[in-house]
Structures are given as structure tokens and as C-alpha cells.
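I opened a new page for this model and meant to look up its overall make-up, its nonpolar cores and its salt bridges.

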Amino acid sequence: MTRYKRYILYIWLCLGLLATPFCIDCASAKDFVVVIDAGHGGHDPGAIGRISKEKNINLKVALKLGKQIRQNCPDVKVVYTRDRDVFIPLNRRAEIANNAKADLFISIHTNSVAKGASVRGASTWTLGLAKSEANLEVAKRENSVILYEDDYKTRYAGFNPNSAESYIIFEFMQDKYMEESVHLASLVQQQFKNTCKRVDRGVHQAGFLVLKASAMPSILVELGFISNREEERYLNSEEGSATLANGIYRAFLSYKREQELKRNGSSHTTLPQASPTPQQRPAASPKGTAAERTESGVIFKVQILTSPRPLAKNDKRLKGVKAEYYREGGLYKYVCGASADYNQVLRTKQDLSKKFKDAFIVAFKNGKKTDAKAAIKAFNKKRHNNQ
């Protein structure tokens, strides 16, 4: 081999070594990572009802939740602690979340009580000291998973899930993610109550080992009571599992959007319940309605198309969207979705982009078109200062 050929081969090898891992990292890179933990599994059935086992309910809802996030949030990486019926040690679940550098950890469970078959409802839990005997019993039941592990005494430093004394450690714990965890738990409960129409059993704290070892905002969801015959049937139905997964999904979206607004001043996360469809939005002229006017006088709109002449309201080019125009440079430019809230108009633009791929945001100040970039920057700065 000549010196020249060896040089060329060397260059190609170097390029290959540099490019291959870089491309893999880029393909898998995500802005947000959520770990979904389906409680119990394998030889650990969890709570047992009349017709089902907790482990299967948890997994069904976890997979539905993950699927919804993956389908609608391309910037989110979903990681499961288990995606089939296998046993995963409690500390391994937290380890999976920590290794993934997760932004959120959501552990999904199903509740049960030995007595009181009429007890029902959903609750969400965060790490902390149980303030009642009932809360302590929930923690004991969930932590008893470690008894299925042969070396649990060594692995969990002598922790006894059935001894109240072992839970004293949670009294002195400082959880720097507590505020965010409680907030996410509250969002989940709002959805369970308002969207899922479930009995709201509130947000609680208890000493859960799986949350203790997770280095990120973490919650444990109790979907309902498998010990309640009617609720058990609901939890095992397609409607029930889908509704509960959707409730957690909506809470996740709200939390994610809030975090993006805090960090960046803007968010690309769309809330499904936040705004009506484009066809339902009232049309507005570039000057805006009285309700739309703000102290700054800036109104954002979505421009969907341009025409050399006015279009009829039923023109096919409008694709069923109600829009109004403003004139500029001898052209009629059609806009819709007027609001002083840039983030709301951004969501409108995302909706309209499905029909108008070239849709973009324009801004008007006191009825006159103004620099959109400057208006957006001013909006984000003002929002950041108010937080």
C-alpha cells in the first residue's frame, strides 16, 4: 500500500469513528425525559382483587400513558422500568430513572384496603413522612415489594417495610424536588377529578423507597381501589385504563409546559384542553376586540395565506377556517386566531399548520402591523418578569 493510500485510509477511519457515535447521540437526543414505572410485576402481583391483579392494571395504564406521550410529544423520551410482566427490584426502578437523567418519574399503582369494600377514588403521592396511620399503611404495602428480593436486608440497609420505626428516616429527609413533585401531584389530581370524573382522594405524602432513591421530581399514583368491586371492573376496562392514562398525560403536559415557560420564557407544548379548534375560534379584525387589547397594544395572529383579491367565505383555499384579511402591498393577507397571548397564538399556529404548512405568526400594535420578532421578545420578557 502506498503512503498516499495509507493516508486516505487513515482519514476515513478517523471520520468514521467521529461520525458514528455522534449521529447515534443526535438521533436519540431529547429535550425532556420521563420514566414511567408500572408498579409490581412478575412473581410480585401487587394487590389482588376478585377478577384481576394490580400488576396488570398498572402495566396497562403505564403503556397507554407512554404511547400517548410518544405519539404527541416528539421532544420527549419515554423510558419504562418495565414494559412486560417481569419483576424489577425496587432500587433498580429508581436506578433506571437516575441513569436516564430523567426530568420526571411517574410510578403507577393500584390501591387496596383489607376492610371497607366501598372505599374508592384516585390519589397521588409524593415522598415524605406519613402523617396518618392510613398513609403509613399505603407506604408499607408498596414498600413490601422488597420482601420478594433475597438480599433486601443488605440492599436496603436493614429497612423493614412492616416496621413503623423504619419510617423515621423520612422525617429528617430533605427532598429538593418536593415543591415540583407536589405540584405535579396536584395537577394529576385535578385531571382525575375534572377530566376522569373519579373520586378525588387528594395529594398525600408517605415514605416510599422508590421515590426516596429517585433524583428528580417524582410521584406515585394510586389509580383506584382494586378492593372495590365496581372500581376494579372500571380499572380493568379499556375505557377506564384509557381515561386514567389520559388524565395523567394531560397533567404531564401542563407540568412540562410550565417548566418550559420558566426556563425559556416560551413553550412549544400544546395543551389539548387549553384552546378550541381553529373552526371554533371567533374571527377578529387586525385591530382586535376590546377584550384583546392590552397595555402594550400588541395582538398576535396567524397568517395562513395571501391572495391578490378578496376571497369568498366559502372559498376552498380557506379550508373551512374562518379568517379575516388585512391589506399590504396590494395583497389581501388572511389571518385568524387573534390574541394578546403569544403562547396561545403559537398553539393556534401549530393547529393550523396541519392545513396551512406555510402558516406563520404576525403582530399588530394599535391596529398596525409591527415587527413580530420584537413583539414576541417583549412578550416573553414581560412574562418572565411577572413570574
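I first fixed my terms: a residue is buried under 20% relative accessible area, exposed over 50%, and partly exposed in between. I also noted that the model is predicted.

Overall make-up. I looked up the secondary structure of the protein chain and found eleven helices and eleven strands. Of its 387 residues, 47% count as buried. The accessible surface comes to about 20500 Å², and 53% of that belongs to carbon and sulfur atoms.

Cores. I turned to the largest nonpolar core, which has 40 residues. Ile 69, Leu 223 and Ile 248 touch the most other members. Helix H9 (238-264) is one of the elements that each supply at least two residues, as are helix H2 (54-72) and strand E6 (218-225). The largest share, eight residues, comes from H9. Apart from this core lies another, of 25 residues, including Val 33 and Leu 90.

I then listed contacts of Leu 223 beyond four places in sequence; among them are Ile 57, Val 61, Phe 192 and Ile 248.

Salt bridges. I found 13 in the structure. Glu 238 pairs with Lys 60, with the closest N and O atoms 2.9 Å apart. Glu 238 is in helix H9 and Lys 60 in helix H2, so the pair ties together parts 178 residues apart in sequence. Lys 60 has a relative accessible area of 27%, so I entered Lys 60 as partly exposed. Glu 238, at 48%, is also partly exposed.

Glu 238 forms a salt bridge with Lys 64 as well, at 3.0 Å between the closest N and O atoms. Lys 64 is partly exposed, at 25% relative accessibility.

Notes:
Residues are numbered from 1 along each chain as its sequence is written. This is a predicted model: local features need pLDDT of at least 70, side-chain atom pairs count only at pLDDT 80 or more; totals for chains, interfaces and linings use all residues. Side-chain values use heavy atoms; hydrogens and water are left out. A nonpolar core is a set of buried Ala, Val, Leu, Ile, Met, Phe, Trp, Tyr and Cys residues joined through side-chain atoms within 4.5 Å. Buried means under 20% relative accessible area, exposed over 50%, partly exposed in between (1.4 Å probe, protein chains only). Helices (H or I, at least four residues) and strands (E, at least two) are DSSP runs, numbered from the N terminus. Contact means heavy atoms within 4.5 Å. Accessible areas come from the Shrake-Rupley method with a 1.4 Å probe; for residues, only the protein chains shown count as cover. A salt bridge is a side-chain nitrogen of Lys or Arg within 4 Å of a carboxyl oxygen of Asp or Glu.
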